[in-house]
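User: I would like to understand the terms used for this model and what each of them rests on. Could you take me through them step by step?

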Amino acid sequence: MTQATAIIVGASSHLSRELAKQLADQQVELALFAQDVESLREFASTLPTKVQVFSLQIEQPSAIIKQLESVWHDLGGAHLVLVNTGLNSYDPELPWLPEQDIIDVNVRGFAAICNTAFRLFREQGYGQLAAINSIAGLRGGPSVAYHASKAFAQNYLEGLSMHAQRLKLPITITDIQLGLLDKAAMQQSTLWLAPLPQVAAQIIKAMQQGKRRVYVTKRWCLVAWLTKLLPEFIYNTRHWKPKKSKK
Ligand SMILES: NC(=O)c1ccc[n+]([C@@H]2O[C@H](COP(=O)([O-])OP(=O)(O)OC[C@H]3O[C@@H](n4cnc5c(N)ncnc54)[C@H](OP(=O)(O)O)[C@@H]3O)[C@@H](O)[C@H]2O)c1
């Protein structure tokens, strides 16, 4: 396969559209998976390369496995599978249903996609599996299932990477640890927030360099380092104590 081809799973967010745009600018052919296919068609038609759009049923692992296999065979394989799906919510009452939804998307669905991509790469003999993960997975946190699901993703990717090395196969696994950009945006922190094109460019550069793990943007490496270092009694206070209202 000479033409560079990438499959993006979860292609409707602003970040994944920017990633698709920058990859298309580099003449990479794309297969985009999204929940709402129709909303992506117009965007896909603006890209300067061949782009196909497919529907995504991540809550049903057997369906997404079949969809991925079918698209893979139609494309004749791919160089890159980029997983960008993710679900997050916060409710201090911790009702079960949102937790279950997060586990369905971020754990069951994520594992089904990564497991299938890895198998297809193994049959093909090479490839790169990259996933947009979060530094939220480094510790527990108030969005309980979300933080735990991101830790699952990190360990799942590490396991796949170890497996590829044992099989002596040139399959690169890249864990893209995104900073808490939503939180930075909410707090209007220009220090921790970066323009979307810069975020996407750093992700693409890290994938092209075949990085195993990368923090995006780079300065979030500092937060990740601190997060891992803090003793639990300080870390807990940061996360659980309600902020005093300013009067
Ligand atoms: N944004 C941040 O600040 C931030 C920070 C750290 C890590 N992350 C992680 O980075 C990744 C990308 O985040 P993002 O900000 O680009 O977008 P996002 O709004 O978190 O959503 C990511 C993608 O997941 C898809 N998705 C969610 N639930 C789904 C479901 N039930 N079925 C199918 N698709 C579903 C979304 O599709 P629809 O649009 O069709 O729902 C979207 O394309 C996620 O894993 C996220 O957890 C984000």
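Analyst: Since this is a predicted model, every value below is computed from its coordinates. A starting point is the pair α1 (residues 14–25) and α2 (residues 37–45), whose crossing is right-handed. Arg17, Ala20 and Lys21 of α1 make the contact with Ser39, Leu40 and Phe43 of α2, a group that comprises three nonpolar, one polar and two charged residues.

User: What angle and distance describe the packing of α1 and α2?

Analyst: Their axes cross at roughly 30 degrees and come within 11 Å of each other.

User: Why are α4 and α5 called roughly parallel?

Analyst: The axes of α4 (residues 96–124) and α5 (residues 144–166) cross at roughly 10 degrees and come within 9 Å. Angles under 35 degrees count as roughly parallel, and α4 and α5 are therefore described in that way. The crossing of these two helices is right-handed.

User: Which residues make the contact between α4 and α5, and what makes up that contact by class?

Analyst: On the α4 side the contact includes Glu99, Ile102, Phe110, Cys114 and Arg122, while on the α5 side Tyr146, Lys150, Phe152, Leu157 and His163 are among the residues that take part. By class, the contact of α4 with α5 has 16 nonpolar, four polar and three charged residues.

User: How do you know whether α3 is roughly parallel or roughly antiparallel to α4?

Analyst: Helix α3 (residues 61–75) packs against α4 at an angle of about 30 degrees, with the axes 9 Å apart. Because angles under 35 degrees count as roughly parallel and those over 145 as roughly antiparallel, α3 is roughly parallel to α4. The crossing in which α3 passes α4 is right-handed. Among the residues that meet there are Ile64, Leu68 and Trp72 in α3 and Ala112, Ile113 and Phe121 in α4, and the contact divides into nine nonpolar, two polar and three charged residues.

User: What makes the approach of Ser13 to the ligand a polar contact?

Analyst: A polar contact is a pair of N or O atoms within 3.5 Å, and an N or O atom in the side chain of Ser13 is 2.7 Å from an oxygen atom of the ligand, so the pair meets that cut-off. Gln35 also places a polar side-chain atom 2.8 Å from a ligand oxygen, whereas for Asp182 a polar backbone atom is 2.7 Å from an oxygen atom of the ligand. In total, 23 residues surround the ligand, and the closest are Ser12, Ser13, Gln35, Tyr146 and Asp182.

User: What is noted about the backbone at Leu94, and which peptide bond is cis?

Analyst: Leu94 has phi near 50 degrees, a positive value in a residue other than glycine, and this residue is placed in the loop between β4 (80–83) and α4. The cis peptide bond runs from Val216 to Thr217, with omega near -10 degrees, and Thr217 lies in the loop between β7 (213–216) and α8 (220–229).

Conventions
Residues numbered from 1 in each chain as written. Predicted model: local features only at pLDDT ≥ 70, side-chain atom pairs only at ≥ 80, totals over all residues. Heavy atoms only, no water. Axes fitted to C-alpha atoms, helices over the stretch in contact; angles between N-to-C directions. Helix = DSSP H or I, 4+ residues; strand = E, 2+ residues; numbered from the N terminus. Parallel < 35°, antiparallel > 145°, perpendicular 65-115°, else oblique. Left-handed = near helix turned anticlockwise from the far one by under 90°. Contact = heavy atoms within 4.5 Å. Nonpolar A, V, L, I, M, F, W, Y, C, P; charged D, E, K, R; others polar. Near = heavy atom within 4 Å. Polar contact = N/O pair within 3.5 Å; in protein donor to acceptor, adjacent residues only side chain to side chain.
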